[in-house]
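Here is a short set of questions and answers for a reader new to this structure. Take a look at the model before reading on.

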Amino acid sequence: MPKAEEKAGKIMAIGAVSRFLMFLSLCMPSLSSSSQFFDYGSERKSPALQEAAASGVLKRLLHSHVSAFQLSIISEGSCGGSRCFWIKNGNPSENGSKIRIEGTTGVEIASGLHWYLKYWCGAHISWDKTGGVQLSSVPPPDFLPPVQGGGLMLKRPVPWSYYQNVVTSSYSFVWWDWRRWEKEIDWMALQGINLPLAFTGQEAIWQKVFKGFNVSEEDMSTFFGGPAFLAWARMGNLHSWGGPLPQNWLNSQLHLQKSILSRMRDLGMSPVLPAFSGNVPGVIGKIFPSANISRLGNWNTIGGDSRWCCTYLLDPSDPLFVRIGKSFIDQQTKEYGDITNIYNCDTFNENSPPSDDPAYIASLGASIYRAMYAANKNAIWLMQGWLFSSDAEFWKPQQMKALLHSVPVGKMIVLDLFADVKPIWKVSSHFYGVPYIWCMLHNFGGNIEMYGILDTIASDPIDSRESQNSTMIGVGMCMEGIEQNPVVYDLMSEMAFRSEKVQLEKWVKNYSQRRYGKSIPEIEMAWKILHRTIYNCTDGIADHNRDIILEFPDRSPYVISKESGTKISDGHEDHRLTFREIVSSSHSPHLWYSTDEVINALCLFLLAGEKIEESHTYRYDLVDLTRQVLSKIGNQLYLDAIKAYKQGDSDSLSRHSGRLIELIEDLDTLLSSDDNFLLGTWLENAKSLATSQEERKQYEWNARTQVTMWFDNTETNQSKLHDYANKYWSGLLREYYLPRASTYFKYLIESLKEEVEFPLEKWRSEWISYSNKWQAGDEIYPVNTVGNSLAIAKDLASKYLNL
């Protein structure tokens, strides 16, 4: 299209959008308070259904105590127009219940139950893979502690508690069945989540939608990614990688989604469904040759391989965009019913608009919303604010305002996704008046690394809400992967009901007592240390685990020739690895605390072992903390080996590299003693969803590839995303990370002895070949534990720390 015609087309599109916005502004009532920014959407389930759903949560959690609690729905008027829960003494003469929990929805009832179990009974509830529940401190039904005075009422200071990242569906949920999802929804309700993302099963919807636009099943098969990579196919980052999706997968996931949505709705949650972002199969351009479709750039592939690179984006201003977007929401409504008004769409997630012209950006935003509005006149656009952090160079104030103001206020809500480290609300005047949710991102890739910023979590959401002109309407947990660092999520979920900053010294002490069911001085002292070290990251660097064992440097060190004394280099700057860093480096593990202090915390954990060895939560924390300490020793051993190499000291190189290999083996032994750190569980869960040998092979490849190489590679180039989703799992250390380190050090020792340049290409070729074979393998890995965690941890502490 000639530039003049293209400019004219954009002007026409902008004019059409302006008229649409004017129409909306005339139709919409004014919104004056955060509680009015949007409501539940469709009609809520009846009080009886919500009470029954909350009772189901109680029954599955604490079956023996069902009759001891009376659970009731109350109106928001009972809480002054807010959402709240009441904890009161029951009336045993009427129904035998000792404690009465009232709430404005099933979620508030479950939250009130959780609060009572926490602060009256000293209980603790976390994911099964982080130790599970500690309910041994809950007294028998007849001896439940009474509530003083008229009871406790807690109001939500902001109406919403959001949950999930768009990639959590792939890093954590991908292999779940209904049994696991039921546990997660129970966990959500107990944590107060009332605004969960609900992305499962959408590929079946897309299949039906695009069939209506004459896209064949063959063309659809190259549009989706494989099961473990669906999140990025949905965002238009890739296509086809790990696929094609079997029809059985599409059907079963749609069925699963219906069960998920039904339970969420029964509890009074407002699920957030996906909306059309413009991502289309490439064949759409042939079916509709006049459509304005662009091919996006390369997203992390090597060499831009067209088999999975460079997806197709339909311009939101094109009339076809509204047709497809409306059809998608209509199809969801047909499948699920009228269950929500809230839709997620992230068109520009790591994909910048083709122009930075504010008027053009405003037209794109309005067109995206127009597709939602065409299907649901009450639609609300929920958008992840990650783009404002990841592409800050593009999204300057003018561009941000243009996008945020492209729909009427109240019809868009932004997730301040990275507010725990890089809050956008502070630099955008509260998103220029648009409602937003303060979110904690916290985890990348589902890495297993002890990390957190408890002080920030305990105070910043309050600061955001109370600051002048605040448009904050909720708090959220937006981690990429779950089932790690339970203390962080225990605190963050409480911020949905906290009106004042949390006094952390007291809170952490209480947490340590609840976590293990009793007060143990050594453990309380250890948690005091962990709070000020591991869980007090103040350097402003977001944590992504880059321990050497899991993300081995893919580069060649130089060697000093004994004959010439000259440096043989691979042409790269020498990035030295240090225990403490100020600026993040792609080659440097992130360390922000005193390792000596954390070793002291581990010593205290070991001293307390005999008192609580039988506690699942204690064993998980002991293994995790021992792993954390020893992994940092691994980083130092690598440094020592490289130093010896550069000094030409082959004996020291052999000693230090051998010690690192031995450490990897020992860590694998430690992790094998706790069933929360087993590779076999991940792989068996993947295979369990298969209905044929072909599916079984595909799902296992997806599972193995995501946690290792992740994306494509060549013979001598690892994937650009290799080790992004690294895991400290028994089986993965011994069979994947250990061979990689061994191969590297083998070539390192040979190059030193022969006084030649390190054969980087040769090492890469051998390692990548091994990795590809491992990803395609079918070896069985254990799903049951071996050994005693406490005994192994003590032995390793003695061996490596002289404790």
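Two strands pair if DSSP finds at least two bridges between them. The model is a predicted one.

Q: Which residue in β12 does N279 stand opposite?
A: β10 covers residues 279-280. Two bridges join β10 to β12, residues 312-314, and the two run antiparallel. Opposite N279 in β12 stands L313.

Q: Which strands stand at the edges of the open sheet of three strands, and why is one side of each left without a neighbour in the sheet?
A: The sheet has the order β10-β12-β11, with antiparallel pairing. Each edge strand has a single partner strand, so one side of each is left without a neighbour in the sheet. The edge strands are β10 (279-280) and β11 (293-295).

Q: Is S97 buried or exposed?
A: S97 lies in the loop between α3 (92-95) and β3 (99-103). Leaving aside neighbours within four places in sequence, S97 is in contact with S67, A68, F69, Q70, G90, N91 and P92. Buried means under 20% relative accessible area. S97 has 1%, so S97 is buried.

Q: Which residues lie nearest the centre of the second largest pocket?
A: About 1,000 Å³ of space lies in this pocket. Its lining is made of 37 residues. Nearest the centre lie H544, R546, K720, L721 and Y724.

Q: How many residues in the lining of the second largest pocket are charged?
A: The lining is sorted by class. It has 18 nonpolar and 12 polar residues. The charged residues number seven.

Definitions and conventions:
Residues are numbered from 1 along each chain as its sequence is written. This is a predicted model: local features need pLDDT of at least 70, side-chain atom pairs count only at pLDDT 80 or more; totals for chains, interfaces and linings use all residues. Side-chain values use heavy atoms; hydrogens and water are left out. Helices (H or I, at least four residues) and strands (E, at least two) are DSSP runs, numbered from the N terminus. Buried means under 20% relative accessible area, exposed over 50%, partly exposed in between (1.4 Å probe, protein chains only). Contact means heavy atoms within 4.5 Å. On a 1 Å grid over the protein atoms alone, a cavity is a set of points where a 1.4 Å probe fits but cannot get out, and a pocket is an open set with protein on both sides within 12 Å along at least five of seven lines; lining residues have an atom within 4 Å of a point. Grid points are joined across faces, edges and corners, and a volume is the space filled by probe spheres set on the points. Ala, Val, Leu, Ile, Met, Phe, Trp, Tyr, Cys and Pro count as nonpolar, Asp, Glu, Lys and Arg as charged, and the others, Gly among them, as polar.
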